[in-house]
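Biologist: Could you take one part of this model and walk me through it closely? I am new to this, so please build the picture up step by step.

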Amino acid sequence: MISTSDSDTAYLSLIPYDQDPLAFLAEKILAQQSPPDLSQVVVLMPELLAAAPLRERLKTRAQQRGHGHITLPQMDTLRAWIEKTTPLDHIVLGAHAQQLMLVESLMQHPGLFGEDNPWQLADNLIQLFEQLTARQVSLPEQLAQFTQQLARAYGVTKPELSGLGREAKMVHTLWQAWLAQCRSEGCIDAHSAYLQRLSASLARVRRDTIIYLAGFTELLPAEQAWCDALRARGQLQIIVHGQPQPDIKPADYHPDAPLTRLLTELNISINSTNYNDNLTQFIDSIYALSAGPLAQRARQFAKRCPSSPAAPHLRVFKANGAEQEANAIARQTREWLQKGKRRIGIVTENRRLARRVRALLERSGITAQDTAGWALSTTSAATVVERWLQTVEED
């Protein structure tokens with residue numbers, strides 16, 4: 001584990017890559033809190049896919065500690081937990097209401113968008129406005145200042161000749177109209193509501209509540225301030241899976257770069273250390289782009305560590321063709337299922353390979369949940385549509 005300052009280690013845990021972060025978190029919760037009642041423990045994650053495995057680890061380790069039954073912690077995403085626990089007096093606009101209101105603003109300024117579809121333009125503008133709100137970015141009141149600000153950001157010397165001036169005028173005008181309309185109707189958008197709830201939630205968090213922030217690689221500025229406040233009250237624990245180092249720059253192509261950026265934004269100092277787990281060193285050797293070609297780095301690492309630490313986690317199969325590849329994937333999946341494994345994911349960008357694997361598994365009585373769905377281009381209906389479009393195109 002990386003050494004940090006004494007004040008940081010009180011609320012920060014860095015888990016090496018060769019350790020199970022959920023098992024570590026379960027042990028930490030049981031060691032720091034007072035089972036069997038963990039109802040005042042809150043575990044917040046970027047998404048809830050890890051919630052079920054964490055519950056199982058908590059139950060198993062609690063039984064090993066002699067607790068037959070425990071009240072599990074609250075588990076949720078940060079935003080969902082804030083919205084559930086912190087009411088708001090304002091009227092919050094839904095997605096459709098935001099779109100309608102913005103289209104109405106667009107229709108009042110027809111000269112801004114010309115022949116463009118106002119509904120499609122509203123969708124794009126909503127995404128931009130949401131980012132501005134979430135990042136707490138305020139635009140200058142004067143259009144000229146905003147245009148110059150954009151020109152400096154893009155490195156444009158003459159914005160009036162680049163088309164940037166028209167875009168700046170559209171965004172600036174509609175942003176101001178959007179804010180004015182929200183104020184006049186006494187409502188706020190969902191992102192503004194979330195920021196207000198974040199601030200108000202600090203007064204509602206009970207003093208005996210401990211919040212574990214697990215698995216995050218990015219936080220909004222308002223979320224960072226929320227973390228700072230809870231940290232000062234001793235009510236926050238941050239769990240990070242990785243080994244950020246001070247020599248890793250936030251923009252580097254390294255899996256720990258987002259963690260380095262996150263800890264930097266949270267004003268958490270990171271000290272260099274020589275960590276011993278081979279898997280972390282293996283990952284560093286892959287992404288050390290300034291340390292020579294990949295083949296050279298591989299040979300150097302093999303000398304230091306003859307037995308690959310990736311072997312328990314990674315296998316490479318050389319297939320002679322697509323059919324052999326599909327059969328190998330299906331066979332490996334069946335073997336894992338026979339060994340009792342149930343959380344199996346197959347990731348591929350090749351839709352044809354995905355269809356073939358799915359067919360082979362279904363032939364064995366195994367149903368695969370294809371989250372990407374069947375591409376339209378693979379259906380007979382697509383052929384009809386394509387021929388119809390060709391007929392129209394050729395008159």
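Modeller: Happy to! Helices (H or I, at least four residues) and strands (E, at least two) are runs assigned by DSSP, and their numbers count from the N terminus. Keep in mind that this is a predicted model.

Let's look at the largest pocket, whose volume is about 710 Å³. Its lining is made up of 25 residues, and those closest to the centre are D20, P21, L22, A50 and H241. Which elements help to build the lining? Helix α2 (21-32), helix α3 and strand β7 (236-241) each give at least two residues to it. Sorted by class, the lining holds 15 nonpolar residues, six charged ones and four polar ones.

Now follow α3 away from the pocket. Strand β2 (residues 41-45) and strand β3 (residues 74-77) run parallel, and four bridges join them. Within this pair, L44 faces D76 of β3. To get from β2 to β3, the chain passes through helix α3 (residues 51-64), making a right-handed β-α-β crossover. So that you can place α3 in both pictures: this helix links the two strands, and it also supplies at least two residues of the pocket lining.

Technical notes:
Residues numbered from 1 in each chain as written. Predicted model: local features only at pLDDT ≥ 70, side-chain atom pairs only at ≥ 80, totals over all residues. Heavy atoms only, no water. Pairing = 2+ DSSP bridges. Right-handed = clockwise from strand over helix to strand, strands pointing away. 1 Å grid on protein atoms, 1.4 Å probe; cavity = no way out; pocket = protein on both sides within 12 Å on 5 of 7 lines; lining within 4 Å. Points joined across faces, edges and corners; volume = space filled by probe spheres on them. Nonpolar A, V, L, I, M, F, W, Y, C, P; charged D, E, K, R; others polar.
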